[in-house]
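This report goes through one protein model, from the whole chain down to single residues. The sequence and structure come first.

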Amino acid sequence: SGDASSLRSTVLKTSDNWVRSRQENILSRSMTQNMNPTDIKNEKNKAFDLLDGLSRSGSLPIKFSELHVVVAVTHCFEKDVIDTVVVDNVDPIEKIEMSTLLFASTVHGVPARDLIRDGEELRRLEGSVPLLLQEQQHCNESTENEAL
């Protein structure tokens with residue numbers, strides 16, 4: 001089985017206890033504080049109350065804001081690294097590159113080939129994942145041909 005790899009969802013869990021490092025003002029020293037789940041919940045509520053107040057309960061837009069989302073997946077192989085490379089003659093790096101491109105293409109909503117700027121790198125990857133990196137027009141044509 002040459003292609004025995006797959007992506008699995010990954011759940012990230014934070015610790016129950018956090019350590020916060022903060023400065024009261026720019027001239028003061030940074031201080032650390034251990035925070036238990038109750039402290040974390042209280043600070044989170046304070047942050048949402050502040051956000052609610054600043055936006056007048058959502059009636060005012062918050063321009064120039066950013067939302068950061070962490071999405072995690074695990075790339076799994078049926079065999080260990082040595083057996084994948086030696087027995088199956090599969091380069092795990094290429095498989096992980098393919099998974100990364102597929103994932104990034106899905107998240108950003110653009111074709112995978114548009115994510116690669118370096119022409120030499122694009123040609124190298126086209127050799128290992130041609131279907132993922134084919135021109136967009138070819139994808140449409142092959143989809144139309146399959147429909148007929």
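How much area does the protein chain expose, and what part of it do carbon and sulfur atoms supply? The exposed area is about 12300 Å², and 54% of it is supplied by carbon and sulfur atoms. The model is a predicted one.

**Overall fold**

The protein chain contains six helices and four strands. Read from the N terminus, the order of the elements is β-β-β-α-β-α-α-α-α-α. Of the 148 residues in the protein chain, 15% are buried. When contacts between residues at least 6 apart in sequence are taken, 41% of them join residues at least 24 apart.

**The largest pocket**

The volume of the largest pocket is about 180 Å³. Its lining consists of Trp 18, Arg 20, Met 35, Ile 40, Glu 43 and Lys 44. Two elements, β2 (18–22) and α1 (37–54), each contribute at least two residues to this lining. Helix α1 gives the most, with three residues. Sorted by class, the lining holds three nonpolar and three charged residues, and no polar ones.

**The largest nonpolar core**

Which residues form the largest nonpolar core? There are seven: Leu 101, Ala 112, Ile 116, Leu 122, Leu 125, Val 129 and Leu 133. Leaving aside residues up to four places away in sequence, Ala 112 touches Leu 101 and Leu 133, and also Ser 105 and Leu 132. Leu 101 and Leu 133 are themselves members of the core.

**Two residues of helix α3**

Helix α3 spans residues 92–108 and includes Ser 99. Is Ser 99 buried or exposed? Ser 99 counts as buried because its relative accessibility is 9%, and the cut-off for buried is under 20%. Outside the residues up to four places away in sequence, Ser 99 touches Leu 7 and His 75.

Ile 96 also has its place in helix α3. Its relative accessible area is 37%, so Ile 96 is partly exposed; this class lies between the cut-offs of 20% and 50%. With residues up to four places away in sequence not counted, Ile 96 touches His 75 and Phe 77. Cys 76 is 20 residues from Ile 96 along the chain, and the C-alpha atoms of the two are separated by 9.4 Å. His 75 thus appears among the contacts of Ser 99 and among those of Ile 96.

**The loop between α1 and β4**

Arg 56 lies in the loop between α1 and β4, the latter being residues 73–77. Ser 57 is found in the loop between α1 and β4 as well. What is the sign of phi at Arg 56, which is not a glycine? Phi is positive there, at about 50°. Ser 57, likewise not a glycine, has a positive phi of about 60°. Arg 56 counts as exposed because its relative accessibility is 61%, and Ser 57 counts as exposed at 57%. The cut-off for exposed is over 50%.

The table sets out the relative accessibility of the residues discussed.

| Residue | Relative accessibility | Class |
|---|---|---|
| Ser 99 | 9% | buried |
| Ile 96 | 37% | partly exposed |
| Ser 57 | 57% | exposed |
| Arg 56 | 61% | exposed |

Terms used. Residues numbered from 1 in each chain as written. Predicted model: local features only at pLDDT ≥ 70, side-chain atom pairs only at ≥ 80, totals over all residues. Heavy atoms only, no water. 1 Å grid on protein atoms, 1.4 Å probe; cavity = no way out; pocket = protein on both sides within 12 Å on 5 of 7 lines; lining within 4 Å. Points joined across faces, edges and corners; volume = space filled by probe spheres on them. Nonpolar A, V, L, I, M, F, W, Y, C, P; charged D, E, K, R; others polar. Buried < 20%, exposed > 50% of the residue type's maximum accessible area, 1.4 Å probe, protein only. Contact = heavy atoms within 4.5 Å. Areas by Shrake-Rupley, 256 points an atom, 1.4 Å probe, with all protein chains shown as cover. Core = buried A, V, L, I, M, F, W, Y, C linked by side-chain atoms within 4.5 Å.
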